Amino acid sequence: MPSTGDPLEPQTIQNELGQSLFAKNFVFHKSIDSTNRLAKDLAVKGAPEGTVVLTEEQTMGRGRRGRKWISPGYVNLLFSLLLRPNLNPDQVFILTMVLALSAIDAVKTTTGLSSQIKWPNDLYVARKKLAGILTEFSIDGTGVEYVILGIGLNVNWDLGDEKELSSPVTSILAQTGLQTPRKELFIKCLRCFESDYLEVLSGKIKPFYKKWNDHSLILGREVEIESGDEKIRGQALRIDQQGALIIQDPQGHSRRIVSGDVSLKF
Ligand code: BTN
């Protein structure tokens, strides 16, 4: 095990979570291929809503669009949440939004660092990626069967080897110069997510769109989106109720983009 002054102690975390939805079925592995993979397998076997899979290290971390999620072990936060919400499939994006906003709040209150959301679900600081969220879900005849929300948040990663990474990456350590207690950050993120999740389930969804827009890195700006084989340019206007990005192209037409990678044009 690499030396770390800040190991994640699952029993302590579970105790501190107390009566939380996320304390009931808390799964911890020092090393695993992917927390999303395990959470999905557990979901298929009937694991309950609120199951958490947390790890110190992933050997095959998954990113969006079939990419890998690269993270050294024992320094970052890597976890997945299993939810069984009573939502329509086209509302699942809201949960990604809520997790992104919870992570922003937890990072801000624990470290003072402000971050922004780059559509669809990355956290950015100073034009570099601080965190990514991978949402996977299954639907059955009645609606959403389960949702897996997986997040990788770069915390105490000393980015001396950053040049080996294909895209600009940052960490809380790289931004603040300070080590962050990962347990505290993790618990804050879960607490914030839980209270917002309950709001969403009670139907209070609108405020999260406003908050998402307030924290957006791209809205109002010129962007280029790679979506499939297409490169689309325009001004980012808003996200709609399904989380699709609405842009205005150079001809003045609105276009609705459901997935893709955004880069900012200046
Ligand atoms: C992305 O930006 O492409 C999404 C990255 C999501 C990474 C997290 S790390 C924890 C969870 N387990 C995985 O295999 N992936 C997600």
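**Reading the ligand site and two pockets**

Colleague: Which element gives the largest share of the lining of the second largest pocket?

Modeller: That is β6, with four residues. Keep in mind that this is a predicted model. When you read a lining, ask which elements contribute to it, then which residues lie nearest the centre. Here α3 (93–111) and β6 each supply at least two residues. The lining has 20 residues, and those nearest the centre of this pocket are Phe 93, Pro 120, Asn 121, Thr 135 and Val 258.

Colleague: What are the volume and the residue classes of this second largest pocket?

Modeller: Its volume is about 430 Å³. By class, its lining divides into ten nonpolar, six polar and four charged residues.

Colleague: Now the ligand. Where does the ligand sit?

Modeller: A ligand is assigned to a pocket when more than half of its atoms lie within 2 Å of the pocket's grid points. In this model, the ligand sits in the largest pocket. Two or more residues of the shell around the ligand come from each of α2 (35–44), β3 (77–83), β6 (128–140) and β7 (143–153). With four residues, β6 gives the most to that shell.

Colleague: How should I read the lining of the largest pocket, and what volume does this pocket have?

Modeller: Take the volume, then the lining. The volume is about 930 Å³. There are 45 lining residues, and Arg 67, Trp 69, Asp 122, Lys 129 and Ser 167 are the closest to the centre. The elements giving two or more residues to this lining are α2, β3, β5 (122–125), β6, β7, β8 (222–227) and β12 (261–264). Its residues divide into 19 nonpolar, 15 polar and eleven charged.

Colleague: Which residues come nearest the ligand?

Modeller: For the shell, the cut-off is a heavy atom within 4 Å. There are 20 residues around the ligand, with Ser 34, Gln 58, Arg 62, Arg 64 and Lys 129 coming nearest. The shell has six nonpolar, ten polar and four charged residues.

Colleague: And the polar contacts: how far is a polar side-chain atom of Lys 129 from an oxygen atom of the ligand?

Modeller: A polar contact is a pair of N or O atoms within 3.5 Å. For Lys 129, the distance is 2.6 Å. Asp 122 has a side-chain N or O atom 3.5 Å from an oxygen atom of the ligand. With Asn 36, the partner is a backbone N or O atom, 3.4 Å from a nitrogen atom of the ligand.

Colleague: How much of the ligand's accessible area does the protein cover?

Modeller: The ligand has 410 Å² of accessible area on its own, and the protein covers 99% of that.

Notes:
Residues are numbered from 1 along each chain as its sequence is written. This is a predicted model: local features need pLDDT of at least 70, side-chain atom pairs count only at pLDDT 80 or more; totals for chains, interfaces and linings use all residues. Side-chain values use heavy atoms; hydrogens and water are left out. A polar contact is a pair of N or O atoms within 3.5 Å; within protein, one must be able to donate a hydrogen and the other to accept it, and residues adjacent in sequence count only if both atoms are side-chain atoms. Accessible areas come from the Shrake-Rupley method with a 1.4 Å probe; for residues, only the protein chains shown count as cover. On a 1 Å grid over the protein atoms alone, a cavity is a set of points where a 1.4 Å probe fits but cannot get out, and a pocket is an open set with protein on both sides within 12 Å along at least five of seven lines; lining residues have an atom within 4 Å of a point. Ala, Val, Leu, Ile, Met, Phe, Trp, Tyr, Cys and Pro count as nonpolar, Asp, Glu, Lys and Arg as charged, and the others, Gly among them, as polar. Grid points are joined across faces, edges and corners, and a volume is the space filled by probe spheres set on the points.
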